[in-house]
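The exercises below are to be worked with the sequence and the three-dimensional model in view. Each task is followed by a solution that proceeds step by step.

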Amino acid sequence: LKGMEIEKRSLRAQGAVGAYEQAVALDPGFALAWAKLSGRRSWNHSSPEEGEAARTAAERALGLAPSRPEGYRALGVYYNRVRHDPEKSLEALARGLSLAPHDAGLLLHQGAIERQLGRWDEALAHVRRAR
C-alpha cells in the first residue's frame, strides 16, 4: 500500500521500489507486490541489472499467481520498457486480458503500445474500454 501511495503522488515514484522491496521481504509469497516491484523497476530501469531484476520480479509474480492478471501486466511493461519489444508486450497483456478482460490497467497499457505501433483504431478501442 505504501508503494501504491507513492506511485499516486509521483510520476517517477522512486520510493515505491523500496516499499515494494520491503513488502516482498516481509512476505515472499505476495504476488501483487512482486508484480508492482517489477513494473516500477521496468519504468525506472537505468541499467541492465535493474532490467533483469524487473524480469525476475515479473516471473516471480507469475509463478506465485499464474491465474492473476498483475504478473502479465508486469511482464508486458518489462517487454515494452526494458526490452523495447512491443509485440512481446502485447502477447503478455493479451494473456492477462484473457484472465481479466475488463482490467483497465491492462487495457490502457495495450492501447498505449498499439498507439506506439501506429494501430490507432485498436488503441482507441482499448482506451475507450478502459475508461
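## Exercises on helix packing, salt bridges and surface

Helix 7 and helix 8 are roughly antiparallel to each other. This is a predicted model, in which local features need pLDDT of at least 70 and side-chain atom pairs count only at pLDDT 80 or more, while totals for chains, interfaces and linings use all residues. Residues are numbered from 1 along each chain as its sequence is written, and side-chain values use heavy atoms, with hydrogens and water left out.

**Exercise 1.** Justify the description of helix 7 and helix 8 as roughly antiparallel, and state the hand of their crossing.

*Solution.* Step 1: locate the elements. Helices are DSSP runs of H or I with at least four residues, numbered from the N terminus. Helix 7 spans residues 104–116 and helix 8 spans residues 120–130.

Step 2: consider the geometry. Two packed helices are described by the angle between their axes and the distance between the axes. Here the axes come within 8 Å and cross at roughly 160°. Axes are lines fitted to C-alpha atoms, for helices over the stretch in contact, and angles run from 0 to 180 degrees between N-to-C directions.

Step 3: classify. Angles under 35 degrees count as roughly parallel, over 145 as roughly antiparallel, 65 to 115 as roughly perpendicular, and the rest as oblique. Helix 7 and helix 8 are therefore roughly antiparallel.

Step 4: assign the hand. The crossing of helix 7 and helix 8 is left-handed; this term applies if the near helix is turned anticlockwise from the far one by less than a right angle, and right-handed applies if clockwise.

**Exercise 2.** Describe how helix 4 and helix 5 pack, and characterise Ala57 in helix 4.

*Solution.* Step 1: the axes of helix 4 and helix 5 are 8 Å apart, at an angle of about 160°. That makes helix 4 roughly antiparallel to helix 5. Their crossing is left-handed.

Step 2: Ala57 belongs to helix 4, which covers residues 48–64. Its relative accessibility is 0%, so Ala57 counts as buried (under 20% relative accessible area is buried, over 50% exposed, and in between partly exposed, with a 1.4 Å probe and protein chains only).

Step 3: Ala57 and Ala74 are 17 residues apart in sequence, and their C-alpha atoms are 8.4 Å apart in space.

**Exercise 3.** How many salt bridges does the structure hold, and what is the setting of the pairs Arg41 with Glu50, Glu52 with Arg55, and Arg73 with Asp103?

*Solution.* Step 1: side chains of opposite charge can pair when their charged atoms come close. A salt bridge is a side-chain nitrogen of Lys or Arg within 4 Å of a carboxyl oxygen of Asp or Glu. The structure holds eight salt bridges.

Step 2: Arg41 and Glu50 meet at 3.6 Å, N to O. Arg41 is buried at 12% relative accessibility, whereas Glu50 is partly exposed at 25%. Glu21, Arg41 and Glu50 are linked in a network of salt bridges.

Step 3: in the bridge of Glu52 with Arg55, the closest N and O atoms are 2.1 Å apart. Because these residues are three apart in helix 4, about one helical turn separates them. Glu52 is partly exposed at 37%, and Arg55 is partly exposed at 22%.

Step 4: Arg73 bridges to Asp103, with the closest N and O atoms 3.5 Å apart. This pair links distant parts of the chain, 30 residues apart: Arg73 lies in helix 5 (residues 70–81), and Asp103 in the loop between helix 6 (86–99) and helix 7. Arg73 counts as partly exposed at 24%, while Asp103 counts as buried at 16%.

**Exercise 4.** Which residues form a nonpolar patch on the surface, and where do Leu1 and Leu32 lie?

*Solution.* Step 1: patches are made of residues with over 30% relative accessible area and no salt bridge; like charges are joined within 9 Å, and nonpolar side chains (Val, Leu, Ile, Met, Phe, Trp, Tyr) within 5 Å.

Step 2: the members are Leu1, Met4, Phe30 and Leu32, with about 400 Å² of accessible area together. Accessible areas come from the Shrake-Rupley method with a 1.4 Å probe, and for residues only the protein chains shown count as cover.

Step 3: Leu1 is in the segment before helix 1 (2–9), and is exposed at 86% relative accessible area. Leu32 is in helix 3 (residues 31–44) and is partly exposed at 33%.

Technical notes
Helix = DSSP H or I, 4+ residues; strand = E, 2+ residues; numbered from the N terminus.
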